[in-house]
Amino acid sequence: MTEVSRGEEAPPGLRAHLNEAVLQDAFDPAPLTIQIVLNDLPDRNCTHPVSNGDFSVTSDGLNRYRTEYVDPIAEILADPAYQRLRIVAIVEPDFLPGLLLPAATTRCAAVQASGAYPAAVRYALTRLHAIPNVYVYLDASHHGVVGHPDNFGRAAGLLASIAGAAGGGPSLVHGFTVNVANYGALVEPYFTALMGKNSRWVGGNDYVDELSFAQAFRKRLIMAGFASDIGMVIDTSRNGWGGPYRPTRTSTSGDLNRFVDESRTDRRHSVGNWCNQAGAGLGARPAAIPAAGIDAYAWIKPPGVSDGSSVNVTSPDGIRPDPMCDPTYYAQAAGGYVPSGALPYAPPAGQWFGAQFQQLLANAYPPL
């Protein structure tokens with residue numbers, strides 16, 4: 001997987017990865033598939049206290065995103081040297097919370113007022129969809145956000161508007177991704193959303209795992225105007241939750257919160273915790289068409305790559321760490337404040353985190 005960031009100009013950059021893919025493709029009669037991620041919206045991840053993007057809506061970020069980021073990527077991908085490759089382009093992971101949730105930061109307020117996210121994403125989709133061998137997947141966040149009944153229909157309508165499917169028009173996407181770089185369990189085998197609806201963990205959500213959410217949201221997207229063959233891809237790179245603390249049965253507790261906490265395989269303190277989560281493991285292995293309506297399980301987030309520094313270490317691009325990556329930080333969640341659940345001794349975002357990788361191996365589910 002190649003995540004494309006404007007600052008990554010030194011080798012190996014996007015062209016270098018594509019050149020390597022061409023070399024590998026020469027030894028296989030079937031076209032090679034290469035996966036890339038576009039992740040550099042103006043004020044990206046605006047719901048987080050810290051943004052590590054290159055652009056801001058207050059500094060001509062939308063135009064700069066188009067000309068300095070999307071256009072160069074599209075020009076490289078359109079190079080005839082790469083026309084035999086099957087290039088899967090995943091567009092802007094987790095941009096939806098910045099539009100669906102109340103503006104928790106001044107950056108989100110500026111994003112929502114400017115309309116920059118929809119305009120930027122639509123521009124990226126338009127440029128990439130025009131390249132015949134690029135298969136475009138737009139991100140649809142995860143069950144923790146979009147699975148909530150207040151957001152489910154709104155999210156489908158918003159994606160239809162951005163991707164051109166509203167009103168029966170032609171779509172600019174081949175499918176959608178969910179759970180990118182996140183930790184939501186693929187399947188919760190020991191309880192359902194209905195069983196835990198009013199618990200602190202479920203919080204009124206209609207879904208507690210990514211597979212049931214992805215399949216249901218796909219149907220809602222079709223209702224919003226997308227073609228009946230639209231597909232979903234679930235990132236399973238860090239949602240295995242195996243190891244010694246994985247439950248083996250449904251809890252018998254009569255206390256609702258305890259029942260859910262003892263039954264769930266996702267061991268985070270809150271579904272909103274996202275940085276270098278302790279106890280996580282490798283999830284389902286990448287596979288094509290593993291379930292109805294699902295194009296693939298894929299490891300989109302490279303296992304072992306840090307989400308952010310756990311201490312006050314400035315990253316190479318000058319960005320300070322997000323407090324959610326601090327193991328001592330407590331974040332507001334349903335029912336009060338909960339620990340961030342982040343692993344200690346983590347390096348800056350994007351760097352190799354060996355201890356995390358070892359944990360992912362040890363807690364893999366299915367086991368390695």
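Aspartate 60 is partly exposed, with a relative accessible area of 44%. In this predicted model, aspartate 60 sits in the loop between E2 and H2, and its phi is positive, near 60°, although the residue is not glycine. Aspartate 43 shares that kind of backbone setting, with a positive phi of about 55° in a residue that is not a glycine. The points below start from this loop and then move out to the whole chain.

**Backbone details to look at**

- Most residues other than glycine have a negative phi, and most peptide bonds are trans.
- Aspartate 43 lies in the loop between strand E2 (33-38) and helix H2 (61-77).
- Is aspartate 43 buried or exposed? Aspartate 43 is buried, because its relative accessible area is 5% and the cut-off for burial is under 20%.
- Aspartate 60 has 44%, so it falls into the partly exposed class.
- Tyrosine 365 and proline 366 are joined by a cis peptide bond, with omega at about 0°.
- You will find proline 366 in the segment after helix H10 (354-362).

**Nonpolar cores**

- The largest nonpolar core has 68 residues.
- Which of its members touch the most others? They are Leu77, Phe95, Leu125, Leu138, Phe176 and Phe217.
- A second, separate core holds nine residues, among them Val88, Tyr137, Val180 and Val233.
- For a closer look at one residue of the largest core, try leucine 125: leaving aside neighbours within four places in sequence, it is in contact with Val91, Val136, Leu138, Ile162, Ala163, Leu172 and Val173.
- Leu138 therefore appears twice, as a contact of leucine 125 and as one of the residues of the largest core that touch the most other members.

**Overall fold and packing**

- The chain's secondary structure comes to 10 helices and 10 strands.
- Its C-alpha trace spans about 60 × 50 × 45 Å along the principal axes.
- The radius of gyration is 20 Å, which agrees with the value near 21 Å for a compact globule of 368 residues.
- Among contacts with a separation of 6 or more, 76% come from residues 24 or more positions apart.
- Buried residues make up 51% of the 368 residues.

**Surface and charge**

- The chain exposes about 15800 Å², and carbon and sulfur atoms supply 55% of that area.
- How many charged side chains of each sign are there? The chain has 26 positive and 33 negative ones.
- The centres of these two sets lie 5 Å apart.

How values were computed: Residues are numbered from 1 along each chain as its sequence is written. This is a predicted model: local features need pLDDT of at least 70, side-chain atom pairs count only at pLDDT 80 or more; totals for chains, interfaces and linings use all residues. Side-chain values use heavy atoms; hydrogens and water are left out. Helices (H or I, at least four residues) and strands (E, at least two) are DSSP runs, numbered from the N terminus. The radius of gyration is taken over C-alpha atoms; the globule rule is 2.2 Å times the number of residues to the power 0.38. Buried means under 20% relative accessible area, exposed over 50%, partly exposed in between (1.4 Å probe, protein chains only). Contact means heavy atoms within 4.5 Å. Accessible areas come from the Shrake-Rupley method with a 1.4 Å probe; for residues, only the protein chains shown count as cover. Lys and Arg count as positive and Asp and Glu as negative; His and the chain ends are not counted. The place of a charge is taken as NZ of Lys, CZ of Arg, CG of Asp or CD of Glu. A nonpolar core is a set of buried Ala, Val, Leu, Ile, Met, Phe, Trp, Tyr and Cys residues joined through side-chain atoms within 4.5 Å.
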